[in-house]
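Take a look at the chain below. We start with its overall make-up and then turn to one acidic residue.

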Amino acid sequence: MQGDARGCELAYRMVAERDNEKCSFDRESRLLIVAKAKVWASEGWRVVITDQDGKAYAPPEFDQLSAA
């Protein structure tokens, strides 16, 4: 079963891709995932954050997500 210790799915997923590499991270905290995504994007990775509703956010929309 996927999820955290309480059995709930994590709220945010970040996927970063560059060249032939792909990394993904799941976090409950919107602020932590946005901070991590901004760092990876600044290092040349193509980054997308997906929320629990399946909506995807690209780097120009990260501030919108962190203000939610």
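Begin with distance along the sequence. Residues 24 or more positions apart account for 41% of the chain's contacts that have a separation of 6 or more. The model is a predicted one.

Now the elements. The chain holds 2 helices and 4 strands. Read from the N terminus, their order is β-β-α-β-β-α. The chain has 68 residues, and 25% of them count as buried. Its accessible surface is about 4,700 Å². Carbon and sulfur atoms contribute 48% of that surface.

Next, zoom in on a loop. Between β3 (46–50) and β4 (56–57) lies Asp51. Where does an acidic side chain turn when it is buried yet has no salt bridge? Start with charge. The nearest side chain of opposite charge to Asp51 is Lys55, at 6.4 Å. A salt bridge needs the nitrogen within 4 Å of a carboxyl oxygen, so Lys55 at 6.4 Å does not provide one.

Polar contacts are another matter. The Asp51 side chain reaches the backbone nitrogen of Asp53 at 3.0 Å. It also makes a polar contact with the side chain of Tyr57, at 3.3 Å. The first partner is a backbone atom; the second is a side chain.

Finally, look beyond the immediate sequence. Set aside neighbours within four places, and Asp51 is in contact with Ala11, Tyr12 and Tyr57. Tyr57 thus appears twice: in this contact list and as a polar partner of the Asp51 side chain. The picture for Asp51 is a buried acid without a salt bridge, with polar contacts to Asp53 and Tyr57.

Note on methods
Residues numbered from 1 in each chain as written. Predicted model: local features only at pLDDT ≥ 70, side-chain atom pairs only at ≥ 80, totals over all residues. Heavy atoms only, no water. Buried < 20%, exposed > 50% of the residue type's maximum accessible area, 1.4 Å probe, protein only. Contact = heavy atoms within 4.5 Å. Areas by Shrake-Rupley, 256 points an atom, 1.4 Å probe, with all protein chains shown as cover. Lys, Arg positive; Asp, Glu negative; His and termini not counted. Polar contact = N/O pair within 3.5 Å; in protein donor to acceptor, adjacent residues only side chain to side chain.
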